[in-house]
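I opened my notebook for a friendly look around one fold. These are the entries, in the order I made them.

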Amino acid sequence: FTVKGDAGRSMYTKQIIVTLKKDTGGAITPATYSINITKNPTEGGSVTINDAAVLQKSVTEGTTVTVVATPAADYKFDGWKEGTTTLTTSTTYSFTASSNKNLTANFSKKDYTVTVEAGEGGSAYIDTKGTTEKTVSHNENVTITAEANDGYRFVEWRAWNSHFSSNAQQDVTVTTDVTYT
């Protein structure tokens with residue numbers, strides 16, 4: 001509405017803006033926010049929002065939100081991010097809802113150490129001569145090779161105190177830390 005009046009000789013106009021809301025009977029409705037989760041990569045694990053296995057949930061302002069990431073068997077959890085900001089490297093992250101959130105649960109393949117050791121009279125390597133220890137991702141393939149010195153012969157590869165292979169050169173799919181002798 002507009003108020004007009006006379007202050008001495010000059011006229012003035014004042015405009016007052018009033019915002020009206022529908023009468024809710026005195027109840028104040030809190031804001032609702034959207035919590036969205038992206039898994040990176042998708043197969044890296046599962047997530048929950050307040051114990052619900054969902055990637056999106058609407059929550060009321062002031063609600064405590066807890067997101068939990070559980071890595072798949074061959075993955076590890078690297079952390080929660082919002083945009084490029086790392087929020088925590090813990091699998092659990094809690095916050096009070098005060099705005100929309102777009103969170104990313106980051107996973108990566110587990111890393112394992114493969115080691116080869118040669119007995120007396122030979123040498124051993126992984127993929128490349130001279131490499132006796134290598135860090136690889138889950139399900140990565142490597143080739144272990146044993147070479148016998150003159151006057152010696154290769155007998156076997158052993159792992160976990162058991163016979164593993166009779167082949168001097170053996171392809172291996174890595175799923176755990178392992179030492180081949």
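**Entry 1: Lys-101.** I started with the contacts of Lys-101, setting aside neighbours within four places in sequence, and found Ser-34, Ile-35, Asn-36, Glu-82 and Phe-95. A reminder to myself: this is a predicted model. Lys-101 sits in strand 10, which covers residues 101-109. Is Lys-101 buried or exposed? Its relative accessible area is 14%, and the cut-off for buried is under 20%, so Lys-101 counts as buried.

**Entry 2: Ile-49.** Next I went to Ile-49, which belongs to strand 4, residues 45-49. I looked up its relative accessible area and got 0%, so this residue is buried too. Which residues does Ile-49 touch, beyond its neighbours within four places in sequence? I listed Ile-35, Ile-37, Val-54, Leu-55, Gln-56, Lys-57, Val-65, Thr-66 and Val-67. Ile-35 caught my eye, since I had already written it down as a contact of Lys-101. I also checked the spacing to Asn-36: the C-alpha atoms of Ile-49 and Asn-36 lie 9.1 Å apart, with the two positions 13 residues apart in sequence numbering. Asn-36 is another name from my Lys-101 contact list.

**Entry 3: a sheet of three strands.** I then turned to an open sheet whose three strands run in the order 12-14-17, with antiparallel pairing. Why do strand 12 and strand 17 each have a side without a neighbour in the sheet? Both stand at the edges with a single partner strand, so one side of each is left free of a sheet neighbour. From one strand to the next, I noted an average twist of 20°. Strand 14 and strand 17 are joined in the antiparallel sense by five bridges. For one bridge I looked up the residues: Asn-141 has Thr-173 of strand 17 as its partner.

**Entry 4: the largest pocket.** Last, I asked how much space the largest pocket holds. The volume came out at about 320 Å³. I found 19 lining residues, and those nearest the pocket centre are Gly-119, Arg-153, Phe-154, Val-155 and Glu-156. Sorted by class, the lining has eight nonpolar, five polar and six charged residues. Which strands supply at least two residues each to this lining? I wrote down strand 12 (122-126), strand 14 (141-148) and strand 15 (157-159). Strand 12 and strand 14 were already in my notes, as members of the open sheet from the previous entry.

Note on methods
Residues numbered from 1 in each chain as written. Predicted model: local features only at pLDDT ≥ 70, side-chain atom pairs only at ≥ 80, totals over all residues. Heavy atoms only, no water. 1 Å grid on protein atoms, 1.4 Å probe; cavity = no way out; pocket = protein on both sides within 12 Å on 5 of 7 lines; lining within 4 Å. Points joined across faces, edges and corners; volume = space filled by probe spheres on them. Helix = DSSP H or I, 4+ residues; strand = E, 2+ residues; numbered from the N terminus. Nonpolar A, V, L, I, M, F, W, Y, C, P; charged D, E, K, R; others polar. Buried < 20%, exposed > 50% of the residue type's maximum accessible area, 1.4 Å probe, protein only. Contact = heavy atoms within 4.5 Å. Pairing = 2+ DSSP bridges. Axes fitted to C-alpha atoms, helices over the stretch in contact; angles between N-to-C directions.
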